[in-house]
Amino acid sequence: APSPRHARQRSYWHHLGPNDSAMTDAAPLELEHMLGFAATRDSAVFYHPTQPDVMVMYTGCLVIIGSVSDPHQQEFLHGHTEEITCISVSPSGNLIASGQTCCTRVPNSEAMVIVWDFKTRRCIYVLNELHNSAQLGRTCVERLSFSPDDHYLAGSDDQQRGAKLCVWDMENGSLANVSKQ
């Protein structure tokens, strides 16, 4: 037999309906700390080039900026809609780029790259050119790399045939060059 406390809890939740304010007015849960890490690809963790106590990594759809000395000190960059597949930090440390797989629910969708401002932790560009509408397979961003002066970002997809390399200008987010295999 359940304890009286459990019976009261069950009774309370039983009486609440989906439109009751106790259920709908609750604030959404906010991720406070990430425990664990899973990376199936290379380059999943970077040390910040000018702040040696800071590392930048990803897991799932989140970019994580964390302290090396205090694992509880973490910030999360939200914006990806699918699993992140690669990340890069610019040589100056001012920019972070993260790429994802295309949408698993939408055939022939775009493999998105997000460029973040490290200081403000805000998205500055969403780049969608790593996509080939002629191919019906799934695409993901395989590699990202900044130029030594932070002026350009190069990214490639994972396609075995017809692979694509895009170079974006980081002054304005425009596509500077595209090469296709």
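Buried, as I use the word in these entries, means under 20% relative accessible area, with exposed set at over 50% and partly exposed in between. I also keep in mind throughout that this is a predicted model.

**Entry 1: Tyr125**

I began with Tyr125, which I located in strand E8, the run covering residues 122–130. Its relative accessible area is 17%, and because buried means under 20%, I put Tyr125 down as buried.

I then asked which residues Tyr125 is in contact with once its neighbours within four places in sequence are left aside. The list I noted is Val113, Ile114 and Val115, together with Met170, Glu171, Asn172 and Gly173. For Val113, which is twelve residues away from Tyr125 along the chain, I also looked up the C-alpha separation and found 8.1 Å.

Two polar approaches of the Tyr125 side chain went into the notebook as well. The side chain reaches the backbone oxygen of Met170 at 3.0 Å, and a polar atom of that side chain lies 3.3 Å from the backbone nitrogen of Asn172.

**Entry 2: the sheet that holds E8**

Next I looked up the sheet to which E8 belongs, and I found an open sheet of four strands, ordered E5-E6-E7-E8, with antiparallel pairing. Strand E5 (84–89) and E8 are at the edges, and each has a single partner strand, so one side of each is left without a neighbour in the sheet. From one strand to the next the twist averages 20°.

Inside this sheet I followed the pair formed by strand E6 (residues 95–100) and strand E7 (residues 111–117), which are antiparallel and share five bridges. As one position to find on screen, I marked Ile96, which stands opposite Trp116 in E7.

**Entry 3: the nonpolar cores**

I turned to the largest nonpolar core, which has 16 residues, and I wrote down those with the most contacts inside it: Val113, Val115, Leu127, Leu153, Trp168 and Met170. At least two residues of this core come from each of E6, E7, E8, strand E9 (141–146) and strand E11 (164–169). A second core, separate from this one, has 15 residues, among them Ala44, Val54, Tyr58 and Ile65.

Val113 had already come up as a contact of Tyr125, and I therefore listed its own contacts beyond four places in sequence, which include Tyr125, Val126, Leu127 and Leu130 as well as Val141, Leu144, Leu153 and Trp168. Ser98 and Gly99 are also on the list for Val113.

**Entry 4: the sheet from E9 to E12**

What is the order of the strands in the open sheet that contains E9? I read the order as E9-E10-E11-E12, four strands with antiparallel pairing. E9 and strand E12 (175–180) are the edge strands, each pairing on one side only. Neighbouring strands of this sheet are turned by 15° against each other on average, direction ignored.

The antiparallel pair of E9 and strand E10 (residues 152–157) is joined by five bridges, and here I marked Arg143, which stands opposite Ser156 in E10.

**Entry 5: Thr85 in E5**

I went back to strand E5 for Thr85, and asked whether this residue is buried or exposed. At 2% relative accessibility Thr85 counts as buried, and a polar atom of its side chain lies 2.5 Å from the backbone oxygen of Val141.

**Entry 6: the salt bridge and two positive phi values**

My search for salt bridges returned a count of one. The side chains that meet in it are those of Arg121 and Glu75, with 2.9 Å from N to O. Arg121 lies in the loop between E7 and E8, while Glu75 lies in strand E4 (residues 74–77), so the pair ties together parts that are 46 residues apart in sequence. Both partners came out as partly exposed: I noted a relative accessible area of 22% for Arg121 and of 37% for Glu75.

Arg121 has a further feature that I recorded, a phi near 65°, which is a positive value in a residue other than glycine. I found a positive phi, near 70°, for Asp150 too. Asp150 is in the loop between E9 and E10, and at 13% relative accessibility I entered Asp150 as buried.

Key
Residues are numbered from 1 along each chain as its sequence is written. This is a predicted model: local features need pLDDT of at least 70, side-chain atom pairs count only at pLDDT 80 or more; totals for chains, interfaces and linings use all residues. Side-chain values use heavy atoms; hydrogens and water are left out. Buried means under 20% relative accessible area, exposed over 50%, partly exposed in between (1.4 Å probe, protein chains only). Contact means heavy atoms within 4.5 Å. A polar contact is a pair of N or O atoms within 3.5 Å; within protein, one must be able to donate a hydrogen and the other to accept it, and residues adjacent in sequence count only if both atoms are side-chain atoms. Two strands pair if DSSP finds at least two bridges between them. Axes are lines fitted to C-alpha atoms, for helices over the stretch in contact, and angles run from 0 to 180 degrees between N-to-C directions. A nonpolar core is a set of buried Ala, Val, Leu, Ile, Met, Phe, Trp, Tyr and Cys residues joined through side-chain atoms within 4.5 Å. A salt bridge is a side-chain nitrogen of Lys or Arg within 4 Å of a carboxyl oxygen of Asp or Glu.
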